[in-house]
Amino acid sequence: MQLYINGEARRVDQVSHVADLIAVLGLTGRRIAVEVNEVIVPRTRHATTPLNDGDRIEIVHAIGGG
């Protein structure tokens, strides 16, 4: 399936839910926010939010500092 992740087209396999994509991208356990087609997906719904060919995903990382 082809997804648009942070504006870049990317082909991914074995991905059916947001949680799968997070795992494939190596972001499991990190502090991130995910938006699918301009809708924020709460962490509690990552495993149940399906992804479809052509979806647009934005992922932002929380970065601490001072």
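Begin with the surface of the whole chain, which in this predicted model comes to about 4500 Å² of accessible area, with 48% of that area belonging to carbon and sulfur atoms. With the surface hidden again, the C-alpha atoms can be seen to fill a box of roughly 40 × 25 × 20 Å along the principal axes. The radius of gyration is 11 Å, which agrees with the value near 11 Å that a compact globule of 66 residues would have. Of those 66 residues, 27% count as buried.

Next, switch to a cartoon view and follow the chain from the N terminus, where the elements run in the order β-β-α-β-β-β, giving one helix and five strands. Among the contacts with a separation of 6 or more, 55% join residues that stand 24 or more positions apart.

Now select Gln-14, in the loop between β2 (8-11) and α1 (18-24). Its relative accessibility is 75%, and therefore Gln-14 counts as exposed. Most residues other than glycine have a negative phi, yet Gln-14, which is not a glycine, has a positive phi of about 60°.

Move on to Asn-37, which is found in the loop between β3 (32-36) and β4, and which also is not a glycine although its phi is positive, at about 50°. With a relative accessibility of 40%, Asn-37 counts as partly exposed.

From Asn-37, continue to Asp-55, since the two are in contact. Asp-55 lies in the loop between β4 (39-41) and β5 (56-61). If residues within four places in sequence are left aside, the other contacts of Asp-55 are Gln-2, Leu-3, Tyr-4, Val-36 and Pro-50. Which side chain of opposite charge is nearest to Asp-55? It is that of Arg-56, but it is 8.5 Å away, and Asp-55, although buried, has no salt bridge. For a polar atom of the Asp-55 side chain, look instead towards Asn-52, whose backbone nitrogen lies 2.7 Å from it.

Finally, select Arg-56, which lies in strand β5. Not counting residues up to four places away in sequence, Arg-56 touches Tyr-4, Glu-35, Val-36 and Asn-37, and of these Tyr-4, Val-36 and Asn-37 are also among the contacts of Asp-55. As a last step, draw a distance from the C-alpha atom of Arg-56 to that of Val-39, a residue 17 positions away along the chain, and the separation is 10.0 Å.

Key
Residues are numbered from 1 along each chain as its sequence is written. This is a predicted model: local features need pLDDT of at least 70, side-chain atom pairs count only at pLDDT 80 or more; totals for chains, interfaces and linings use all residues. Side-chain values use heavy atoms; hydrogens and water are left out. Helices (H or I, at least four residues) and strands (E, at least two) are DSSP runs, numbered from the N terminus. Buried means under 20% relative accessible area, exposed over 50%, partly exposed in between (1.4 Å probe, protein chains only). Lys and Arg count as positive and Asp and Glu as negative; His and the chain ends are not counted. A salt bridge is a side-chain nitrogen of Lys or Arg within 4 Å of a carboxyl oxygen of Asp or Glu. A polar contact is a pair of N or O atoms within 3.5 Å; within protein, one must be able to donate a hydrogen and the other to accept it, and residues adjacent in sequence count only if both atoms are side-chain atoms. Contact means heavy atoms within 4.5 Å. The radius of gyration is taken over C-alpha atoms; the globule rule is 2.2 Å times the number of residues to the power 0.38. Accessible areas come from the Shrake-Rupley method with a 1.4 Å probe; for residues, only the protein chains shown count as cover.
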